[in-house]
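Trainee: I have a model open on my screen and would like to get to know one small part of it properly. Could you walk me through a single residue and its surroundings, and then work outwards from there?

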Amino acid sequence: MMQLFLPLNFLGFVYREMKGSMANVERMFALLRRAPLIKDDVNAGSLAVSQGQIEFRDVSFGYGPERPILDRVSFTVRPQQKVAVVGASGAGKSTLVKLLFRFYDVDEGGVLIDGQDIRHVTQSSLRQAIGIVPQDTVLFNASIFDNIRYGRITADDDEVAEAIRLAHLDDFIARLPEGANTLVGERGLKLSGGEKQRVAIARTILKRPPILVFDEATSSLDSRSEQSILQAIREVSRGQTSLVIAHRLSTVVDADHILVMDQGRIVEQGSHQALLAKQGRYARLWQLQQQQKEPE
Ligand code: ATP
């Protein structure tokens with residue numbers, strides 16, 4: 001029943017959202033207009049993920065011909081490594097994620113997963129292999145439990161409970177009036193940005209994809225929420241290949257490798273310690289964020 005209910009509920013949600021406001025419909029069409037239609041290659045097979053290695057090989061890209069956004073970007077996320085991307089707003093960090101999902105095709109170079117160019121595999125198999133914790137998570141008008149189960153609708157109650165624990169949502173849920181049965185979403189309880197992000201982490205834990213992408217929320221979180229999100233990210237990314245688009249440097253300190261981007265190029269890379277020792281752009285970003293934290 002639950003398997004049927006969730007997709008139907010989701011469709012209901014989409015319908016209500018669309019019916020509710022013409023502005024939403026317009027926004028959706030605007031999005032569709034902007035995103036080019038990517039088609040599967042006629043000979044496309046399924047992506048075969050063995051290790052979960054991601055490689056960007058000399059990637060150049062622009063949303064339109066008039067303005068290049070990425071300029072010969074090359075990096076590799078080795079199996080089970082955590083690579084973080086930092087840099088000023090507009091540097092091209094989220095664009096890397098859009099290319100990894102193949103929402104757009106690169107202009108030059110290639111994106112490879114376990115040696116397979118993602119242009120030659122089906123988009124469904126590609127997206128099946130990647131779990132994303134987005135900046136803003138959509139919640140359906142359903143219980144918080146079902147919202148989490150949406151990560152894998154065949155998951156049993158124990159698996160959902162385990163995902164709740166690993167995503168550090170158990171204390172929060174215990175305080176809700178009806179616990180995990182509390183309705184959330186537009187018509188129910190509104191969750192904060194940090195709580196929604198932990199719901200997304202719990203969904204991803206249930207999906208268990210070989211590759212993880214975190215697009216960190218830009219909005220500021222209080223330090224308690226930030227700490228529990230950091231711990232939840234650590235739990236879910238342990239032993240998984242993960243790419244983290246970071247807006248707060250506290251998230252990247254434990255990354256295996258950090259890429260610093262500026263205007264579509266990688267300008268520095270290395271571990272947190274190595275980058276601090278370099279006293280370059282990363283070190284300046286770090287000092288700036290430490291100063292902003294001090295008044296707390
Ligand atoms: P932020 O930290 O603010 O999220 P970012 O480093 O993730 O920034 P991107 O979102 O990758 O930056 O954007 C890089 C550039 O591409 C920006 O100048 C942005 O305006 C532009 N851009 C992003 N999406 C589109 C789009 N759909 N169409 C045209 N330009 C876009």
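Mentor: Let's take Ile 164, which touches Ile 148, Leu 169, Asp 170, Ile 173 and Ala 202, once residues up to four places away in sequence are left out. Keep in mind as you look that this is a predicted model. Ile 164 sits in helix H6, which covers residues 157–166. It counts as buried because 22 C-beta neighbours fall inside 10 Å, and the cut-off for that label is 20 or more. You can also check a distance on your screen: from the C-alpha atom of Ile 164 to that of Arg 149, 15 residues away along the chain, the separation is 9.9 Å.

Two of the residues touched by Ile 164, Ile 148 and Ala 202, lead us into the largest nonpolar core. That core has 70 residues, and those touching the most other members are Ala 84, Ile 148, Ala 163, Ala 167, Ile 201, Ala 202 and Ile 258. Helix H8, residues 193–207, makes the biggest contribution to this core, with six residues. As a general point, nonpolar side chains in soluble globular proteins tend to be buried together. Try clicking on Ile 201: setting aside residues up to four places away in sequence, Ile 201 touches Val 133, Ala 167, Ala 232, Ile 233 and Val 236.

For a contrast, go to Asp 256, in the loop between strand E10 (241–245) and strand E11 (257–262). Asp 256 is partly exposed, since 14 other C-beta atoms lie within 10 Å. Beyond its neighbours within four places in sequence, Asp 256 is in contact with Gln 81, Lys 82 and Val 83. Between the C-alpha atoms of Asp 256 and Ile 164 there are 26 Å, and along the chain the two are 92 residues apart.

Now let's step across to the ligand. Eleven residues surround the ligand, and the closest are Tyr 63, Ser 89, Lys 93, Ser 94 and Thr 95. By character, this shell splits into six polar, three nonpolar and two charged residues. Helix H3, residues 93–100, gives the most to the shell, with three residues. The buried residues of H3 are Lys 93, Thr 95, Leu 96, Leu 99 and Leu 100. These five lie on the same side of H3, because the arc they cover around the axis is only 160°. The helix geometry helps here: an α-helix has 3.6 residues a turn, so residues three or four places apart point the same way. Just after H3 you will find Arg 102, whose phi is positive, near 60°.

There is a sheet to visit too. Four strands form an open sheet in the order E2-E1-E4-E5, with antiparallel pairing. Strand E2 (70–77) and strand E5 (116–117) are at the edges, each pairing on one side only. Strand E1, residues 54–61, pairs with strand E4, residues 108–113, in the antiparallel sense over five bridges. A handy place to start on that pair is Ile 54, which stands opposite Ile 113 in E4.

Finally, zoom out to the whole protein. Its secondary structure comes to eleven helices and twelve strands, and of its 296 residues, 33% count as buried. Ile 164, where we began, is in the buried group. Among contacts between residues at least 6 apart in sequence, 73% join residues at least 24 apart.

Methods
Residues numbered from 1 in each chain as written. Predicted model: local features only at pLDDT ≥ 70, side-chain atom pairs only at ≥ 80, totals over all residues. Near = placed C-beta within 6 Å. Helix = DSSP H or I, 4+ residues; strand = E, 2+ residues; numbered from the N terminus. Nonpolar A, V, L, I, M, F, W, Y, C, P; charged D, E, K, R; others polar. Buried ≥ 20, exposed ≤ 12 C-beta atoms within 10 Å, placed from the backbone. Arc of directions from axis to C-beta. Core = buried A, V, L, I, M, F, W, Y, C linked by C-beta atoms within 7 Å. Contact = placed C-beta atoms within 7 Å. Pairing = 2+ DSSP bridges.
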